[in-house]
Amino acid sequence: MSLPKDDAATLSARWTEGVLLKRDVFSTVERGRFRGDSGEVDAVLRRLDEVPWWSFVLASHLFAREKHALALAKGLNVGPELLWAGRRALVRGFVDGVALHLAKPHGDLAYFRSAKAALRRLRRAGICHNDLAKEQNWLVGRDGRAYVTDFQLAACFNRRGRLYRILAYEDLRHLLKHKRSYAPEALTPRERKILAKKSFAASLWLATGKKVYRAITRGLFNFTDREGGGRRLVNDAPVLAELIRKNPAVRDTAIVAFADRRSGVGLYAFVEADQATLEGELRSELSAAKGPKPPEHIQVVHALPRDTSGKPRTEILQLVAMNQLDLIEPMMKNDQDRAFLKDILEQRKNLRDRFNFEADLPAS
């Protein structure tokens, strides 16, 4: 399915292709640059031309909801600005920040105050996001503020009726669930009451609608969206990691997903070992095991970046795999992280789908 001629003409003249962020049965999302009236800016493009015919009606509905919500939210400074919208493609501004599940703002009270203020601005505009349970829809900006993205499920209201109040309450409750994860000591008594009390609509959804939704998306559409990784990250990555760890030269491994223009979702395995030539041996072992398809990329590193508990920092590895290198630097916590970054960037494998975002990174 191709784009309408007017959409294609606008993108051909004004869009510079960059990094593919996500591709599923509902849209293709990529980061690049868009030339507007005031010059070229970093931006994100959502397009429907690669959507399969059997999901096109639902994809078009989600696209229309996002377009409407972004237009209504223009100027609120709570998320990406709508830069251009066609019939089957739209371009929104790029928010300089990383998703909540990558940034992990433990104890950052200012961030959650900012997030609450963002919700208040959305409420005043009559917008309920409806998908804020996902950490990837919350961004931690480079300025430290909270932003929201992905308005495909948003609902817009002219009047603040009962449905509006229910949905706005659930948006707030989902924000407080994230606050409980990262700053539980800062929850107020009133916020704890909200967390303890789901709306009737939410309870009904969990008991009925969500089961139908999962049956359709995971069954009919074969769609699983765990941090954009899909079924390969959920089902294949744990099996592959176990197989890789069986090699005596391997100390540890971490596997993340990335969007791939040819296969949809690719897997990238970072393997901690001293033997630099181990990749070929691991590929042979994985193929001989006749298990899941081996990762598209296997990179041997001397040391994986780790958090204070010793777990691999998959949030950094995820950005390396996706070639969003400019977002990594603010996440570097110490000299050990920076040394790892320099080493891993020099040897990284996913060079086919990249953009010159790394220009501002320090050398070490």
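## E272 and its surroundings

The side chain of E272 comes within 2.8 Å of the backbone nitrogen of L304. This is a predicted model, so every value here is computed from it. E272 also makes a polar contact with R306, side chain to side chain, at 3.3 Å.

| Contact of the E272 side chain | Distance |
|---|---|
| Backbone nitrogen of L304 | 2.8 Å |
| Side chain of R306 | 3.3 Å |

Is E272 buried or exposed? E272 is buried, because its relative accessible area is 9%, and the cut-off for buried is under 20%. Leaving aside residues up to four places away in sequence, E272 touches A249, V250, R251 and D252. The list of contacts also includes V301, H302, A303, L304 and R306.

### The sheet around E272

Where does E272 lie? E272 is part of strand β12. The bridge partner of D252 in β12 is E272. Strand β12 covers residues 264-272 and runs antiparallel to β11, with nine bridges joining the two.

These strands belong to an open sheet of three strands. The order is β11-β12-β13, and the pairing is mixed. Which strands form the edges? They are β11 (252-260) and β13 (297-301), and each pairs on one side only. On average, neighbouring strands of this sheet are turned by 20° against each other, direction ignored.

Two helices meet these strands. Helix α9, residues 278-288, lies across β12 and β13. Its direction is at about 135° to β13. Helix α10, residues 314-321, packs on the sheet and touches β11 and β12. The direction of α10 makes about 40° with that of β11.

### The nonpolar cores

In soluble globular proteins, nonpolar side chains tend to be buried together. Here, the largest nonpolar core has 38 residues. Which of them touch the most other members? They are Y111, L119, L122, W138, F151 and L175.

Several elements give two or more residues to this core. The helices are α2 (56-72), α4 (109-124), α5 (162-182) and α6 (189-196). The strands are β8 (138-141) and β9 (146-148).

Take W138 as an example. Not counting residues up to four places away in sequence, W138 touches V98, A99, L100, Y111, A115 and L119, among others. Its contacts also include L132, A146, Y147, V148, L175 and H178.

Another core lies apart from the largest one. This core has 27 residues, among them A321, I328, M331 and L341.

Terms used
Residues are numbered from 1 along each chain as its sequence is written. This is a predicted model: local features need pLDDT of at least 70, side-chain atom pairs count only at pLDDT 80 or more; totals for chains, interfaces and linings use all residues. Side-chain values use heavy atoms; hydrogens and water are left out. Two strands pair if DSSP finds at least two bridges between them. Helices (H or I, at least four residues) and strands (E, at least two) are DSSP runs, numbered from the N terminus. Axes are lines fitted to C-alpha atoms, for helices over the stretch in contact, and angles run from 0 to 180 degrees between N-to-C directions. Contact means heavy atoms within 4.5 Å. Buried means under 20% relative accessible area, exposed over 50%, partly exposed in between (1.4 Å probe, protein chains only). A polar contact is a pair of N or O atoms within 3.5 Å; within protein, one must be able to donate a hydrogen and the other to accept it, and residues adjacent in sequence count only if both atoms are side-chain atoms. A nonpolar core is a set of buried Ala, Val, Leu, Ile, Met, Phe, Trp, Tyr and Cys residues joined through side-chain atoms within 4.5 Å.
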